[in-house]
Amino acid sequence: MPFSNSSELSPSFILASIPGLEAAQSWMAIPLCSAYVLAVTGNCAVLLVVRMEPSLHAPMYFFLCMLAAIDLALATATVPRILSFYWFGSREIGFGACLLQMFLIHTLSAIESTVLLAMAVDRYVAICHPLRHAAILTNAATAKIGLLAMARGVLFFLPLPLLLLPLPFCGSRVLSHSFCLHQDVMNLACANTTPSVVYGLTAILLVMGLDAVLICLSYILILKAVLRLTAWRERLKVFSTCIAHICVVLAFYVPLIGLSVVHRFGKDLAPLVHIIMGNIYILVPAVLNPIIYGVRTKQIQRRILSLIHVSDR
């Protein structure tokens, strides 16, 4: 579907639909909307509980609040637009809106990756250097890490939309997802995209790739410290403090890797696979993170139950 001359100056894109299931999209939006409501409710509950519970005013839970805020922002930047498409048939998204959404998705993902690395370092210091934990990870240091994570995400991923801005789009304008991703938009350009390809891959490797390596290194050092303990019960007790973080890391990186694999090697896959993987990448961490920490943290459980009990009265 070629662009007209006027649209070449300010092109728009068409969000992906599932061939043959267009009539059922309004029904398919119901589980998506339910997952979004669950994500918003769960992450808002985490923010509220940590704010109200003095015993949770510690670096690990401040990082958890950062994750909750990131997940809320990421889901809100994408899901309402997808629902407007599924329910009201609004498939077209403007060039500027697409670039903004793309920037938010990649930047927020980079910030989340940095926060997950900071949480891994927190677990390493708490287990391997417990006497120095309070002195190293103070509230001021935690706030600085949060600001550094934001600056890192913006600086690394702001060039992505800027590199796409001057490119002409004169061929197909149909995306392979219901939202805008860098590689998806880049593939629609009818010009040399080598700088964009090289920079995008470099940014992902230097942020998400490096963070994943450092998280693995942190857990290797943690395992060495745990194995030095003599009693199995003590080993399990110490390592159990890391279970929630490990689950959250997997909930973030597994969908990220899956989506990357689909983009790189899944050009012949059915459109449904691309759409499902994209929605999993956006919603799975946002839905699972508050559930994981709610199950693993007794203080969060007690505070949520007390809030439910008060509301029932």
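Where in the chain is confidence lowest, and where is it highest? I would like to begin there, since what we have in front of us is a predicted model, and the answer is that the lowest confidence falls in helix α1, residues 5–9, with a mean of 43, while the highest falls in helix α6, at 96. Taken over the chain, the pLDDT averages 87, and 93% of the residues score at least 70. Over residues 1–7, however, the pLDDT is below 50, although this stretch does have 12 contacts in the model beyond near neighbours in sequence. Where pLDDT is low, the predicted coordinates should not be read in detail, and I will therefore leave those contacts aside.

Let me turn to helix α6, which covers residues 139–157, and to its packing against helix α9. Two packed helices are described by the angle between their axes and the distance between the axes. Here the axes of α6 and α9 come within 10 Å and cross at roughly 160 degrees, and because an angle over 145 counts as roughly antiparallel, that is how α6 runs relative to α9. On the α6 side, the contact is made by Arg152, Leu155, Phe156 and Phe157, and on the α9 side by a list of residues including Tyr199, Ala203, Met208 and Asp211. Sorted by class, this contact between α6 and α9 has 10 nonpolar residues, no polar ones and two charged ones.

One residue of that contact, aspartate 211, deserves a moment of its own, and it sits in helix α9, which spans residues 194–227. Is aspartate 211 buried or exposed? Its relative accessibility is 0%, so aspartate 211 counts as buried. If we set aside its neighbours within four places in sequence, aspartate 211 is in contact with Ser113, Thr114, Leu117, Arg152 and Tyr253.

Now to the interior more broadly, where the largest nonpolar core has 81 residues, and where Phe13 and Leu116 are the ones with the most contacts inside that core. Phenylalanine 13, not counting residues up to four places away in sequence, touches a set of residues that includes Arg91, Ile93, Phe95, Cys98, Phe169 and Leu188.

Two further buried positions show how parts of the chain that are separated in sequence meet in the model. Asparagine 43 belongs to helix α2, residues 25–52, and with a relative accessible area of 2% it is buried. Its C-alpha lies 6.8 Å from that of leucine 72, although the two are 29 residues apart in sequence, and beyond its near neighbours asparagine 43 touches Ala68, Asp71, Leu72, Ala286 and Pro290. Isoleucine 282, in helix α12, residues 271–296, is likewise classed as buried, at 3% relative accessibility. Between isoleucine 282 and phenylalanine 179 there are 103 residues of separation in sequence, yet their C-alpha atoms are 10.0 Å apart, and phenylalanine 179 is among the residues that isoleucine 282 touches, together with Leu74, Ala75, Thr78, Val79 and Ile105.

For a contrast, I would like to close with two positions that are partly exposed. Phenylalanine 239, in helix α10, residues 232–239, has a relative accessible area of 22% and is partly exposed, and, leaving aside neighbours within four places, it is in contact with Tyr219, Ile222, Leu223, Val226 and Ile246. From phenylalanine 239 to alanine 225 the C-alpha distance is 9.8 Å, over 14 residues of sequence. Glycine 171, finally, is placed in the loop between α7 and α8, and at 27% relative accessibility it too counts as partly exposed. How far apart in space are glycine 171 and alanine 140? They are 31 residues apart in sequence, and their C-alpha atoms are 51 Å apart.

Notes. Residues numbered from 1 in each chain as written. Predicted model: local features only at pLDDT ≥ 70, side-chain atom pairs only at ≥ 80, totals over all residues. Heavy atoms only, no water. Helix = DSSP H or I, 4+ residues; strand = E, 2+ residues; numbered from the N terminus. Buried < 20%, exposed > 50% of the residue type's maximum accessible area, 1.4 Å probe, protein only. Contact = heavy atoms within 4.5 Å. Core = buried A, V, L, I, M, F, W, Y, C linked by side-chain atoms within 4.5 Å. Axes fitted to C-alpha atoms, helices over the stretch in contact; angles between N-to-C directions. Parallel < 35°, antiparallel > 145°, perpendicular 65-115°, else oblique. Nonpolar A, V, L, I, M, F, W, Y, C, P; charged D, E, K, R; others polar. pLDDT = per-residue confidence, 0-100.
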